[in-house]
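Work through the following exercises with the sequence and the model open side by side, and attempt each task before reading its solution.

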Amino acid sequence: FERDGANQRAVDAALSSIAVGPYETELLIPRLEILFASRSFLSRESDDIIDIQVRAAWKRKADDLIRLIRKTGTADIVRRGLSREPPVLPSSSAW
């Protein structure tokens, strides 16, 4: 991403990183920055993943998320992520 800018490979790498460690606090903002910058390469299927990352960043790195919103102009994406309900997990009896 630093070398080539926004592209599908950067999106794929960010999404793979999220799949491996979705709540790595120090990676929340850098991954969102890549995804926000590369939003033209994102699919609708990635909306849920981004929304979860936005909610996690809001809880753990709110000041950094606000700076990122100002830098990238992505208040609409963040607003969507914060307004959506988290996914419903099955009850422990279903495990």
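The exercises below concern a predicted model, and each is followed by a worked solution.

**Exercise 1.** Determine how the axes of helix α3 and helix α4 are arranged, and state which residues form the contact between these helices.

*Solution.* Two packed helices are described by the angle between their axes and the distance between the axes. Take the distance to begin with: the axes of α3 (residues 47–60) and α4 (residues 62–72) come within 5 Å, and their crossing angle is roughly 125°. Because this angle falls outside the range of 65 to 115 degrees for roughly perpendicular and is not over 145, the cut-off for roughly antiparallel, α3 is oblique to α4. Next, list the contact: from α3 come Val54, Ala57, Trp58 and Arg60, and these meet Ala62, Leu65 and Ile66 of α4. Sorted by character, the residues of this contact comprise six nonpolar and one charged, with no polar residue.

**Exercise 2.** Decide whether Asp51 is buried or exposed, and find its contacts beyond the neighbours within four places in sequence.

*Solution.* Locate Asp51 in helix α3. Its relative accessible area is 1%, and since buried means under 20%, Asp51 is classed as buried. Once neighbours within four places in sequence are set aside, Asp51 is in contact with Ile77, Arg80, Gly81 and Arg84.

**Exercise 3.** Place Ser40 in the model, classify it as buried or exposed, and relate it to Val11 in sequence and in space.

*Solution.* Ser40 belongs to the loop that lies between α2 (25–37) and α3. With a relative accessible area of 67%, which is over the 50% cut-off, Ser40 is exposed. Finally, Ser40 and Val11 are separated by 29 residues in sequence, while their C-alpha atoms are 9.9 Å apart in space.

Notes. Residues are numbered from 1 along each chain as its sequence is written. This is a predicted model: local features need pLDDT of at least 70, side-chain atom pairs count only at pLDDT 80 or more; totals for chains, interfaces and linings use all residues. Side-chain values use heavy atoms; hydrogens and water are left out. Axes are lines fitted to C-alpha atoms, for helices over the stretch in contact, and angles run from 0 to 180 degrees between N-to-C directions. Helices (H or I, at least four residues) and strands (E, at least two) are DSSP runs, numbered from the N terminus. Angles under 35 degrees count as roughly parallel, over 145 as roughly antiparallel, 65 to 115 as roughly perpendicular and the rest as oblique. Contact means heavy atoms within 4.5 Å. Ala, Val, Leu, Ile, Met, Phe, Trp, Tyr, Cys and Pro count as nonpolar, Asp, Glu, Lys and Arg as charged, and the others, Gly among them, as polar. Buried means under 20% relative accessible area, exposed over 50%, partly exposed in between (1.4 Å probe, protein chains only).
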